[in-house]
Amino acid sequence: MRVYLLFLVVVLASHPGISQICNPVLDLTFGSSGLAIGSSSTGPATPPWSAKIMVQADNKIVQVCRLAEAENRFGLIRYKSNGTFDSSFGNNGKVTTLVGARSAANTGLIQPDGKILVAGVGDSASGAANFALARYNSDGTLDNSFGAGGTVLSKIGRYYEYISDIALQADGKIIAVGSSSDSNYISAFATVRYHPDGRIDSSFGTNGKVIAHLGPFISHIGTVFYGVYSFENANAVLVQGDGKIVVLGNSYIINGCFDYYGWVYCNPAFGMTRYNSNGTVDSSFGIGGKVVDSVNLYYVSAAAL
């Protein structure tokens with residue numbers, strides 16, 4: 001089977017087509033004159049932001065966001081297809097959930113059964129950031145069959161870590177990708193597989209986890225020995241029809257590396273790797289299972305098959 005990967009990167013620049021993108025014709029029947037404003041102006045000074053927009057089978061719109069009135073929680077808003085709040089969802093259309101001591105949602109998806117899965121970062125009691133997930137029933141209540149009362153907090157590596165993207169396998173297992181840091185605080189691609197009930201799937205990778213560097217090991221800068229990697233993070237995940245898993249994000253190349261207070265920084269590069277369904281690297285992909293491109297792409301935020 002031949003699989004084509006299509007990557008769409010939007011760069012704002014001086015181009016005739018940009019004016020069409022930046023000056024759309026609003027649908028005045030949606031919301032208020034074409035706009036639906038989902039958060040109140042009360043609460044912390046930090047403005048709310050949207051992480052993901054999803055459309056249900058009934059054309060209702062679910063927004064994963066951070067709400068100004070509940071900044072350190074997962075936030076969800078559901079709108080009717082006309083842009084008005086769906087009062088049958090949560091509290092007058094809104095849901096907030098604390099995952100751990102403090103949390104923020106980065107992504108989400110709607111499962112085939114209509115349940116809503118949201119993922120991001122959550123602090124443990126000690127303050128360390130962890131992979132965090134929550135699953136909701138279609139009415140916005142937490143799904144108690146998932147994790148502990150509907151939420152999951154997972155320690156993946158040593159220090160700061162978070163989920164950037166999630167995907168569902170055909171068997172309902174959940175693939176979560178993001179970043180995890182080692183004892184030197186250097187971040188790497190992190191991929192974790194969960195059972196449909198929120199338990200980590202130990203049959204994947206090493207105890208359910210794959211933490212990997214795509215960039216080169218930096219032995220020296222000039223004549224000085226370092227013996228470290230630089231910073232990387234996964235931003236998107238795709239599950240192919242054959243069950244293989246493609247993980248994409250930000251990597252680096254060895255050119256231009258420099259020391260900054262003991263950490264090594266290098267020129268950025270787009271990075272991509274593919275795993276077999278059990279979490280082992282698919283060596284038939286790219287070079288030894290990896291693709292790193294510093295010529296055409298630097299950063300990636302999303303991908304599609």
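**Entry 1: the cysteines**

I start with the word I need for this entry: a residue is buried when its relative accessible area is under 20%. I have a predicted model in front of me, and in it I looked for the disulfide, of which the count comes to 1. Cys257 and Cys266 form it, with their sulfur atoms 2.0 Å apart. The angle about the S-S bond is 105 degrees, and I noted the link of Cys257 and Cys266 as right-handed. Are these two cysteines buried or exposed? Both Cys257 and Cys266 turned out to be buried. I also looked up Cys65, which has a relative accessible area of 3% and is therefore buried.

**Entry 2: the chain as a whole**

I then stepped back to the chain, which has 1 helix and 20 strands. Of its 305 residues, 45% count as buried, and the chain exposes about 15,100 Å², of which carbon and sulfur atoms supply 55%. I also checked how far contacts reach along the sequence: among those between residues at least 6 apart, 49% join residues at least 24 apart.

**Entry 3: confidence**

Before going on to single residues I looked up the pLDDT, whose mean over the chain is 87, with 89% of the residues reaching 70 or more. Where does the pLDDT stay under 50? I found that it does so over residues 1-20, a stretch for which the model has 20 contacts beyond four places in sequence. Residues 41-46 also have a pLDDT below 50, and I noted 8 contacts in the model for them beyond near neighbours in sequence.

**Entry 4: aromatic rings**

I counted aromatic pairs next, and the count came to 8. The pair I looked up was Phe231 and Tyr265, whose ring centres are 5.2 Å apart; because planes under 30 degrees apart count as stacked and theirs stand at 25 degrees, the pair is stacked. This pair links distant parts of the chain, since Phe231 is in the loop between strand S14 (224-228) and strand S15 (233-239) while Tyr265 is in strand S18 (residues 263-265), 34 residues apart. Phe231 is partly exposed at a relative accessible area of 24%, and Tyr265 is partly exposed as well, at 30%.

I went on to Tyr260 and Tyr261, whose ring centres are 4.8 Å apart and whose planes stand at 85 degrees, so I recorded this pair as edge-to-face. Tyr260 counts as partly exposed at 46% relative accessibility, whereas Tyr261, with a relative accessible area of 71%, is exposed. Which residues form one aromatic cluster? I listed Phe231, Phe258, Tyr260, Tyr261 and Tyr265.

**Entry 5: salt bridges**

A search of the whole structure gave me 11 salt bridges. I looked first at Asp201, which I found in a salt bridge with Lys173, the closest N and O atoms being 2.9 Å apart. Lys173 lies in the loop between strand S9 (161-168) and strand S10 (174-181), and Asp201 in the loop between strand S11 (187-194) and strand S12 (209-212), so this pair ties together parts that are 28 residues apart in sequence. Lys173 counts as buried at 16% relative accessibility, and Asp201 counts as buried at 2%. The side chain of Asp201 also meets that of Arg193 in a salt bridge, at 2.8 Å from N to O, and Arg193, like Asp201, is buried.

I then turned to Asp143 and Arg135, whose side chains meet in a salt bridge at 2.8 Å, N to O; both residues are buried. Finally I noted that Lys60, Arg78 and Asp86 are linked in a network of salt bridges.

**Entry 6: two single residues**

From Arg135 I came to Gln111, which touches Leu117, Arg135 and Leu168, leaving aside residues up to four places away in sequence. Gln111 is found in the loop between strand S5 (102-110) and strand S6 (116-123), and with a relative accessible area of 9% it is buried.

In strand S6 I looked up Ala119, which is buried with a relative accessible area of 0%. What does Ala119 touch, not counting residues up to four places away in sequence? I found Phe74, Ala105, Asn106, Thr107, Ala132, Leu133, Ile163 and Ile166. I also noted the distance from Ala119 to Val99, which are 20 residues apart in sequence and 9.9 Å apart in space, C-alpha to C-alpha.

Note on methods
Residues numbered from 1 in each chain as written. Predicted model: local features only at pLDDT ≥ 70, side-chain atom pairs only at ≥ 80, totals over all residues. Heavy atoms only, no water. Helix = DSSP H or I, 4+ residues; strand = E, 2+ residues; numbered from the N terminus. Buried < 20%, exposed > 50% of the residue type's maximum accessible area, 1.4 Å probe, protein only. Contact = heavy atoms within 4.5 Å. Areas by Shrake-Rupley, 256 points an atom, 1.4 Å probe, with all protein chains shown as cover. Phe/Tyr/Trp six-rings, centres within 6.5 Å; stacked < 30°, edge-to-face > 60°. pLDDT = per-residue confidence, 0-100. Disulfide = S-S within 2.5 Å. Salt bridge = Lys/Arg side-chain N within 4 Å of Asp/Glu carboxyl O.
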